[in-house]
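Biologist: Please take one part of this model and walk me through it closely, with the cut-offs behind each term that you use.

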Amino acid sequence: MGLERVEVGFLCIAITLVLIAIRMPIGIALAGVSFVGIGFLTNMRAAWGIVSAIPYNFVATWEFSAVPMFLMMGYIAARSGVTKGLFQSMQILLARVPGSLASASVAASAMFAAASGSSVATSAALSRIAVPEMLRAGYEKGLATGTVAAAGTLGSLIPPSILMVIYGVFTGTSIGALFMAGFIPGVLTAVAFITMITIRVLLNPKLAPRGQVEFSAEERQTALRTVWPLPTLIIGVLGGIFAGVFTPTEAGAVGALFAIVIAAFYRSLSLKMLWGAVIDAAIATSVMFIIAVGAAMFVRLMGLSQVPAFVADMVLNMSDNKYVVLMMISVIFIFLGMFIDSIGIMLLTLPILMPLLQRLEIDMIWFGIITIKLLEIGLITPPVGLNVYVIKTSLGGMVDLPSIFRGASWFILTDIIVLLILIAFPTISLLLPSLMLR
Amino acid sequence: ENYSFSTWLEPNHPITLAAHVPWAKAVSERTGGAVNFEIYMAGALLPAKGTMQGVADGVAQGGFHTATYTPSELPLWNAIGDLSFKHPDPMVAAFAATEFGLMNPAGNSDWAKNDVIYLGSYSTPVYHFICREEVKTLADLRGKRVRMPGGAWARFGETIGTVSVNVPSSEIYTAFERGTVDCTASDVTHLTAGATLMGVTKSINTLTMGPFFAGATWIFNKDFWSELKPDQRKIIFEESARALARLQISYDELVQKNLDAAKAAGKAIIPPPADLQQSYDKFVADGIGGMADIGKRAGIQTFDKSVQELSSLMQKWEGLLAKANRKSEDELTQLLRREIYDKLDASKYGLN
Amino acid sequence: MAEPNPTLPGVTRLLQALTTIAGVALVLMMLHICADVFMKYVFNSPVQGTLEIVSGYYMVIAVYLPLPLVEWLRQAIVVDVVFIRMPRAMKIACVLIVLASLVAVYGAFAWQTWLDAMRAYGRNEIAMGPAQTVIWPARFVLPIGFGLASVIGLWHFMGVLIGFERESWLGALDIEHTGE
Ligand code: NA
Ligand code: NA
């Protein structure tokens with residue numbers, strides 16, 4: 001007897017999913033199955049050889065240094081008090097729009113996203129400030145919380161983005177180009193969210209009672225005074241990449257340093273605050289990379305078992321239309337996104353999808369943006385929606401989980417529309433990188 | 001039977017296209033499928049730094065390995081790579097290095113003591129300065145941020161006053177286009193492949209710097225190698241000779257193609273100014289920037305002897321290739337077989 | 001920052017100290033890269049060895065030294081949507097399977113990376129670049145991280161098996177992840 005290699009591969013995928021379901025940490029499940037699977041497909045010496053080759057070499061990668069740096073930048077910015085001023089000024093700017101506080105949360109998240117590499121960090125930063133204010137103003141709980149959960153997902157789409165760094169390294173796509181590519185889709189998403197909120201509130205004004213519409217000149221000035229550091233950070237980081245002062249990788253470190261300087265201007269810089277941000281960044285780095293190392297081993301298992309080639313053949317037999325294939329991939333991602341975290345999904349599926357994408361000649365920058373968008377949707381879908389959990393955690397007993405998920409569902413629908421637009425019009429993603437790379 | 005071959009090079013790299021892929025196909029055909037290599041490219045199976053160890057461990061049965069990634073494991077090959085500065089002819093370097101690795105005891109044992117079977121090298125084309133601005137004179141180069149591959153290139157850069165910057169290959173393009181880096185010492189195939197620098201390049205200063213040859217186009221796992229039948233090893237020897245000839249011819253063609261394309265695209269092809277050439281010649285005459293000391297510091301007892309031996313192999317191949325048709329795959333294959341591969345005993349090589 | 005595990009504050013402090021080292025590595029990483037960018041851009045004189053030290057030291061330390069604390073505080077990313085719906089006996093069985101696997105995987109990794117570290121040390125492993133950088137010391141970070149994580153897994157396993165940590169392992173996890 002003896003199993004075909006592809007069968008071993010699929011068996012390994014199934015076992016991995018079962019292990020994840022019984023609450024094995026994702027990184028351990030991936031690493032353990034890879035080790036045993038490679039041993040089974042080749043021999044134990046080779047399995048040990050993969051343990052020699054991957055955990056050290058994978059982590060000791062220059063390009064990955066941007067991940068902890070962008071994390072640190074986001075944590076410092078969140079603690080610097082910049083979010084408060086940001087939220088206030090967006091509130092003033094959007095005062096006449098129905099549901100202005102919700103729309104201001106989206107706009108503030110979009111701007112904060114440019115100082116944060118991660119969605120969860122963006123949600124966390126805004127939730128403590130925006131949600132209580134909306135609840136005080138009598139906003140419906142679902143709307144108040146769902147808005148911040150969904151708006152947080154802009155953190156990964158608007159550069160800088162940790163997910164893009166990891167995607168870029170795994171697929172060999174230019175990280176700088178991905179950063180540029182995410183910009184317009186990110187802004188588009190923010191506009192779509194604000195439009196959706198406005199329409200909903202117009203149709204049902206009870207969702208969001210009208211609050212203060214007029215602001216005094218003094219209030220406007222104060223808001224303006226407190227909001228300037230963020231655009232400065234954005235221009236500093238993205239402008240620096242664009243002007244060639246530093247590479248996208250180096251931008252992480254420069255951005256973290258900028259964030260410290262900004263915190264100092266806000267007089268919110270203290271050793272305690274800085275250290276809290278640094279330690280959080282260290283822990284998050286470790287949590288993320290354990291999954292990534294497991295995934296890097298899983299990539300080898302998949303390669304040896306020939307599953308990716310098999311899947312590519314199978315899908316292409318069904319259809320070789322790239323839009324049909326993208327739809328299939330989207331459905332799979334949204335399904336997995338209900339249960340598994342974004343880095344896990346990306347690293348689990350990319351090795352299987354890469355040969356397929358190559359054969360269909362799908363632009364990897366464009367696909368990167370679609371991937372990020374799909375993963376972001378997963379952050380707000382039940383039952384496992386990390387952004388929703390973050391908001392629940394920061395609010396404690398104020399709101400229950402189902403209300404947040406219900407509020408977020410409107411944003412999921414909006415997200416799917418945006419996704420279809422991104423798939424239908426690749427130019428939206430590819431315009432900026434093509435300008436940059438000529 | 002299916003075996004794995006691991007290379008960290010991309011699918012469209014000249015070594016993948018001209019050597020590994022057709023080589024694996026020919027070996028499979030001639031052994032009737034008994035030795036069928038599936039090639040895992042772009043580091044999909046083993047990362048660049050882990051390839052030699054992975055092959056020794058049997059993660060893959062064969063692999064492509066660059067000595068630079070494991071300087072402590074391959075001290076001799078790392079130190080001796082600088083010798084291409086003295087003999088800057090890629091075909092000479094590739095063939096002499098292959099003879100050195102297969103037939104010279106010291107050259108062979110550097111690989112053997114890492115538990116892998118060496119089966120031949122390669123050489124990139126010669127290195128030039130590819131720049132985002134026009135670099136005409138020695139003075140133009142001074143103070144420029146130049147991406148150097150390390151080793152003799154970096155030391156030469158120091159003597160002419162360039163600033164060595166270390167940029168990973170994934171970032172060269174961006175660094176070049178944004179001006180984080182001014183020049184790179186590279187072979188000209190990078191204009192249209194790999195980093196694809198054509199769009200961000202203004203000039204190529206064709207000072208001929210030594211090519212890079214310190215690697216193995218093929219290394220094999222010991223157990224795998226010993227389980228092959230002698231006639232299968234013989235087939236691998238013969239196909240390796242052919243692949244090596246084909247690779248170097250293809251590299252020569254690619255260089256011409258790239259230079260033509262650069263000219264057509266209006267890039268300035270600048271011959272090296274006299275003062276720059278003099279600096280290079282002086283650097284080589286002075287012992288390639290202390291190459292001997294570096295070898296000794298790496299703890300290689302008989303480094304001088306090895307340098308001397310590889311150098312005379314390079315002279316020998318300069319002579320042989322001067323008389324050969326460097327465009328004929330058959331002729332070069334025969335030459336490589338006669339001088340090297342046919343001299344190996346298929347029932348003994350790599351088996352003790 | 002996560003709440004310290006109430007049991008064994010001494011262990012928590014030790015693991016926090018390791019995480020502190022990782023934090024220091026992140027700060028150094030930031031300063032080192034910024035110094036390199038600055039020196040390159042302004043003085044045309046990069047800090048040699050930046051790439052090798054950032055990847056070979058800071059990254060490895062930042063990823064692997066906090067790992068034991070992550071396991072101690074149970075912050076690794078898990079999916080508990082199926083788990084929380086299981087009957088109690090099945091939950092206990094699953095937790096034990098998961099923890100035993102964790103001990104085995106981290107233990108195996110600790111063992112192999114220890115051998116690799118010793119080999120790198122024996123060869124005085126260096127990284128090539130414009131400057132040659134000694135990189136073997138960072139190799140030892142992996143067996144330390146994996147080894148302690150494995151021991152902590154064993155502690156949790158005993159806790160669930162004997163009972164002193166059982167209840168906390170059967171409930172839903174507070175999701176308070178800092179990352180993605
Ligand atoms: Na962002
Ligand atoms: Na979800």
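Modeller: Leaving aside residues up to four places away in sequence, B:Phe220 touches (heavy atoms within 4.5 Å) B:Phe5, B:Trp23, B:Phe37, B:Val55, B:Gln61, B:Gly62, B:Asp115, B:Val116, B:Ile117, B:Leu119, B:Trp225 and B:Ile236. This is a predicted model, in which local features need pLDDT of at least 70 and side-chain atom pairs count only at pLDDT 80 or more, while totals for chains, interfaces and linings use all residues. Residues are numbered from 1 along each chain as its sequence is written, chains are lettered from A and ligands numbered from 1 in the order in which they are written, and side-chain values use heavy atoms, with hydrogens and water left out.

B:Phe220 also belongs to the largest nonpolar core (buried Ala, Val, Leu, Ile, Met, Phe, Trp, Tyr and Cys residues joined through side-chain atoms within 4.5 Å; buried means under 20% relative accessible area, with a 1.4 Å probe and protein chains only), where, among 341 residues, B:Phe129, B:Phe220, B:Tyr341 and C:Tyr64 touch the most other members. Helix H15 of chain A (residues 271–305; helices are DSSP runs of H or I, at least four residues, numbered from the N terminus) supplies the largest share of this core, 23 residues. A second core, separate from it, has 18 residues, including B:Ala175, B:Val181, B:Leu191 and B:Val200.

For a buried residue in chain C, consider C:Val160, which lies in helix H6 (residues 141–162) of that chain and has a relative accessible area of 0%. Residues up to four places away again aside, C:Val160 touches C:Val95, C:Leu96, C:Leu99, C:Glu165, C:Arg166 and C:Trp169.

Terms used:
Buried < 20%, exposed > 50% of the residue type's maximum accessible area, 1.4 Å probe, protein only. Helix = DSSP H or I, 4+ residues; strand = E, 2+ residues; numbered from the N terminus.
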